[in-house]
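Subject: Structure handover and notes

Hello,

Here is the structure you asked about, with my notes on it. Please look through the model first and then read on.

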Amino acid sequence: MKISVIGASGRIGSTVSFLLAREPSIKHIVLISREKSLKKLEGIRMDMYDALAAEARDAEIEIYSDKEIPDAVDGSEITIISAGVPRKDGMSRLDLAKANAKIIKNYVKDISKTCDTKLFIITNPVDIMTQKALFESGYDRSQVFGLGTHLDSMRFKVAIAKYFGVHIGEVRTRIIGEHGDTMVPLLSATAIGGIPISRMPGYENLPYKEIVELVKSRGEEIIRLKGGSEYGPASAVVNVIKTIINDDKRVLTLSTYLDGEIDSISGICIGVPVKLGRKGIEEIVPIRISPEELETFKHSVQVLKACWEDIKNI
Ligand SMILES: NC(=O)c1ccc[n+]([C@@H]2O[C@H](COP(=O)([O-])OP(=O)(O)OC[C@H]3O[C@@H](n4cnc5c(N)ncnc54)[C@H](O)[C@@H]3O)[C@@H](O)[C@H]2O)c1
């Protein structure tokens with residue numbers, strides 16, 4: 001199986017590539033970046049081969065410049081895009097969206113000229129970039145998705161497990177909505193060992209607001225402390241890839257194009273629970289959430305739609 005990573009010289013792209021190379025079912029990984037980063041890619045490839053040798057594994061790792069798209073991507077079951085400009089001081093979210101929309105548009109247009117692949121978008125703002133990729137590629141919505149609130153859901157899960165002092169595997173929860181300030185934590189879909197969280201001893205004192213703030217600010221906190229997150233997002237990406245290639249039908253929270261599945265909302269890519277398998281997004285799970293959660297979700301939709309209006313013609 002071949003998987004391509006565009007933006008492979010970056011933090012997330014390189015860590016994702018390394019983790020994927022360790023997966024026995026992935027035999028072929030294509031690392032793609034701009035010309036000026038090709039030397040770095042060569043170093044990443046050497047380092048990856050050393051690590052694989054230590055585990056007595058092998059994989060074919062190829063390097064291409066982004067000028068060699070679409071040929072470089074041809075035959076890839078999944079193409080991951082994490083290329084993008086980082087947010088600089090004084091840059092608004094909209095400025096970032098405009099800059100990265102141009103990058104996503106160019107890559108996706110080139111890829112879709114000749115290739116049929118699944119597009120997995122990581123670049124922020126991820127919901128808007130996923131929608132850009134969907135519209136510019138003309139692909140079916142089942143094959144274009146973004147990391148969405150999958151990582152936020154994992155962060156929420158950790159905080160709840162720590163508060164109740166239980167193993168993380170006992171916690172079921174998710175955050176839907178924008179991967180950003182308007183994300184919607186679903187207490188109505190949170191359970192510990194199958195028991196709804198509201199029936200757990202200690203629930204009354206759960207510092208919900210603090211936990212949500214912690215989840216929302218975690219990305220910025222990691223940027224401040226170590227320059228940017230990589231292990232968390234990269235592991236979340238690999239989770240998604242493994243679910244697809246193993247046809248696991250897991251229900252994960254990814255950014256996908258809504259077409260009326262939740263409260264008749266349509267016309268935007270946003271984080272919602274999806275059944276994921278070999279074909280990509282096989283179903284959007286039409287969950288019923290509490291009235292308060294629905295109101296917050298609708299707000300998240302509005303925020304994303306406003307941003308989409310500003311960048312859709314870029
Ligand atoms: N969705 C999520 O949950 C999530 C989590 C963390 C980070 N992210 C996003 O993922 C993206 C990558 O993060 P990172 O830490 O790897 O960033 P990084 O700066 O380390 O790497 C960015 C990559 O994009 C390339 N790049 C930069 N400018 C470019 C341009 N103009 N044209 C083409 N390529 C360009 C770089 O060469 C590099 O390969 C960012 O947009 C980040 O905000 C998303």
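The notes below go from the whole chain to the domains, the ligand site and a few individual residues.

Overall picture

Please keep in mind that this is a predicted model. The secondary structure of the chain amounts to eight helices and 14 strands. The C-alpha trace spans about 55 × 45 × 40 Å along its principal axes. The radius of gyration is 19 Å, which agrees with the value near 20 Å for a compact globule of 314 residues. Of those 314 residues, 43% count as buried. Among contacts between residues at least 6 apart in sequence, 71% join residues at least 24 apart.

Two domains

The domain assignment splits the chain into domain 1 (2-146) and domain 2 (149-310). Their centres, taken over C-alpha atoms, are 23 Å apart. Where they meet, 28 residues of domain 1 are in contact with 32 residues of domain 2. On the domain 1 side, the elements that contribute two or more residues are α1 (11-21), β4 (78-81), α3 (93-114), β5 (118-121), α4 (126-137) and β6 (144-146). By residue class, that side of domain 1 holds 16 nonpolar, seven polar and five charged residues.

The ligand site

How many residues surround the ligand? There are 25, and the closest are G10, R11, I12, G84 and N124. The shell around the ligand divides into 10 nonpolar, 13 polar and two charged residues. Helix α1 gives the most to this shell, with three residues. Both domains take part: the shell draws at least three residues from each of domain 1 and domain 2.

The UniProt record can be set beside this. Its entry is unreviewed, and its "binding site" annotation covers G7, A8, S9, G10, R11, I12, G13, N100, I122, T123 and N124. G10, R11, I12 and N124 are named in that annotation and also belong to the closest residues around the ligand.

Two of the annotated residues, I12 and I122, are worth opening in the viewer. I12 sits in helix α1, while I122 is in the loop between β5 and α4. Are they buried or exposed? I12 is buried, because 26 other C-beta atoms lie within 10 Å of its own and the cut-off for buried is 20 or more. I122 has 27 C-beta neighbours inside 10 Å, so I122 counts as buried too.

The contacts below leave out residues up to four places away in sequence. I12 touches S82, I122, E230, P233 and A234. I122 touches I12, I80, I81, S82, L147, P233 and V237. The two residues therefore touch each other, and both lists include S82 and P233.

A buried strand residue

V5 lies in strand β1 (residues 2-6). It is buried, with 29 other C-beta atoms within 10 Å. V5 and I80 are 75 residues apart in sequence, yet their C-alpha atoms are 4.8 Å apart in space. Leaving out residues up to four places away in sequence, V5 touches G13, V16, S17, I29, V30, L31, I32 and I80. I80 is also on the contact list of I122.

Backbone details to check

Where are the cis peptide bonds? One joins I69 and P70, with omega about 15°. P70 is found in the loop between β3 (60-65) and β4. Another joins N124 and P125, with omega about -5°. P125 is in the loop between β5 and α4, and N124 is among the residues of the UniProt "binding site" annotation.

Two residues other than glycine have a positive phi. K249 has phi near 55° and is placed in the loop between α7 (231-245) and β12 (250-259). S264 has phi of about 60° and lies in the loop between β12 and β13 (266-277). What is the burial state of K249 and S264? K249 counts as exposed because it has 12 C-beta neighbours inside 10 Å, and the cut-off for exposed is 12 or fewer. S264 has 8 such neighbours, so S264 counts as exposed as well.

Regards

Notes:
Residues are numbered from 1 along each chain as its sequence is written. This is a predicted model: local features need pLDDT of at least 70, side-chain atom pairs count only at pLDDT 80 or more; totals for chains, interfaces and linings use all residues. Domain bounds come from an automatic or database domain assignment. Two residues are in contact if their C-beta atoms, placed from the backbone, lie within 7 Å. Helices (H or I, at least four residues) and strands (E, at least two) are DSSP runs, numbered from the N terminus. Ala, Val, Leu, Ile, Met, Phe, Trp, Tyr, Cys and Pro count as nonpolar, Asp, Glu, Lys and Arg as charged, and the others, Gly among them, as polar. The radius of gyration is taken over C-alpha atoms; the globule rule is 2.2 Å times the number of residues to the power 0.38. UniProt positions are given in the numbering used here, feature names are shortened, and annotations may be inferred rather than shown by experiment. A residue is near a molecule or strand if its C-beta atom, placed from the backbone, lies within 6 Å of it.
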